[in-house]
Amino acid sequence: MKRQLLHTEILDDSTLWNSLKEGNENAFSILFKRHYPHLVRYGNSFIPFPEKVQDCVQDVFTDIWIYRDKLHDKVVVKAYLLACVRKRITRSQERDRIFRLSSSIDTVEFLFDFSIEHDLIADETTASKVSHLNHLINDLPSRQKEALYLRYNQELTVDQIADTLDINYQSANNLLHRALLSLRKEWKGNIFFILALFSFAF
């Protein structure tokens, strides 16, 4: 019955995860197709080598399938996958010596450029504000920008952001707080305008 449902219903990540752990290849395939695009986009924010990023993402899924019987039952799949890709890319950097050697994922620099789409903005005045906002966000320190990306683009909770960045809850909360404080300091408009537009920042 479960195998049939996977063909006919849009199941949540948790259900698919449990089916994957039981060896269901269809559940594995659905999770791969569902998360692969945003994992590659996230990975591309760290290194300018798309093929290497794709290899890292595929390696993460390969390991998940091989070691499926050792996976935890209760995980937030999206946050878990983001964290795995981040760690895999870091290890790849260290192994290949593309960047300086590092013993910690703290040194990985988040290179993603927020770019709120101008063609989504109707009037010229708002478009000008959006352009300024893009500049302010992209000038934030790397870790703060990554925290914002995970919070507003990937819709992770603070706990999940902490797990992804391998830091504690307070540190993750501080990153978000400092980022928003910095934007408030430089931004003359309503802070809710910033938060409302984050969903367009791809």
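This tour moves through the structure one selection at a time and says what is found at each stop.

**The whole chain**

The model is predicted, so local features are described only where pLDDT is at least 70 and side-chain atom pairs only at pLDDT 80 or more, while totals for chains, interfaces and linings use all residues. Residues are numbered from 1 along each chain as its sequence is written, and side-chain values use heavy atoms, with hydrogens and water left out.

Begin with the entire protein chain selected, which holds ten helices and zero strands; helices (H or I, at least four residues) and strands (E, at least two) are DSSP runs, numbered from the N terminus. Of its 202 residues, 45% count as buried, where buried means under 20% relative accessible area, exposed over 50% and partly exposed in between, with a 1.4 Å probe and protein chains only. Among contacts (heavy atoms within 4.5 Å) between residues at least 6 apart in sequence, 64% join residues at least 24 apart.

**Colouring by confidence**

Next, colour the chain by pLDDT, the predictor's confidence in each residue, from 0 to 100. The chain has a mean pLDDT of 81, and 74% of its residues reach 70 or more. Among the elements, helix 4 (residues 50-66) has the highest mean pLDDT, 96, and helix 1 (residues 2-8) the lowest, 49. Then select residues 101-105, where pLDDT stays under 50 and for which the model has twelve contacts beyond four places in sequence.

**Helix 2 against helix 3**

Select helix 2 (residues 13-21) together with helix 3 (residues 25-43), which pack at an angle of about 135° with their axes 8 Å apart. Axes here are lines fitted to C-alpha atoms, for helices over the stretch in contact, and angles run from 0 to 180 degrees between N-to-C directions. Helix 2 and helix 3 are therefore oblique to each other, because angles under 35 degrees count as roughly parallel, over 145 as roughly antiparallel, 65 to 115 as roughly perpendicular and the rest as oblique.

Show the side chains of Asp13, Leu16, Trp17, Ser19 and Leu20 in helix 2, which meet Ala27, Phe28, Ile30, Leu31, Arg34 and His35 in helix 3. By class, this contact of helix 2 with helix 3 has seven nonpolar, two polar and two charged residues; Ala, Val, Leu, Ile, Met, Phe, Trp, Tyr, Cys and Pro count as nonpolar, Asp, Glu, Lys and Arg as charged, and the others, Gly among them, as polar.

**Helix 3 against helix 7**

Keep helix 3 and add helix 7, whose axis comes within 13 Å of that of helix 3 and crosses it at roughly 170°. Helix 3 and helix 7 are therefore roughly antiparallel to each other. Their contact is made by His38, Arg41 and Tyr42 of helix 3 and by Glu146, Tyr149 and Leu150 of helix 7, and by class it has three nonpolar, one polar and two charged residues.

**Helix 8 and its two loops**

Move on to Glu155, found in the loop between helix 7 (142-153) and helix 8 (158-165). Glu155 has a positive phi of about 60° although it is not a glycine, and at 62% relative accessibility it counts as exposed.

Now select helix 8, which is mostly covered, with six of its eight residues buried. Which residues in helix 8 are buried? They are Val158, Gln160, Ile161, Ala162, Thr164 and Leu165.

The last stop is Asp166, in the loop between helix 8 and helix 9 (169-186). Asp166 also is not a glycine, and has a positive phi of about 60°.
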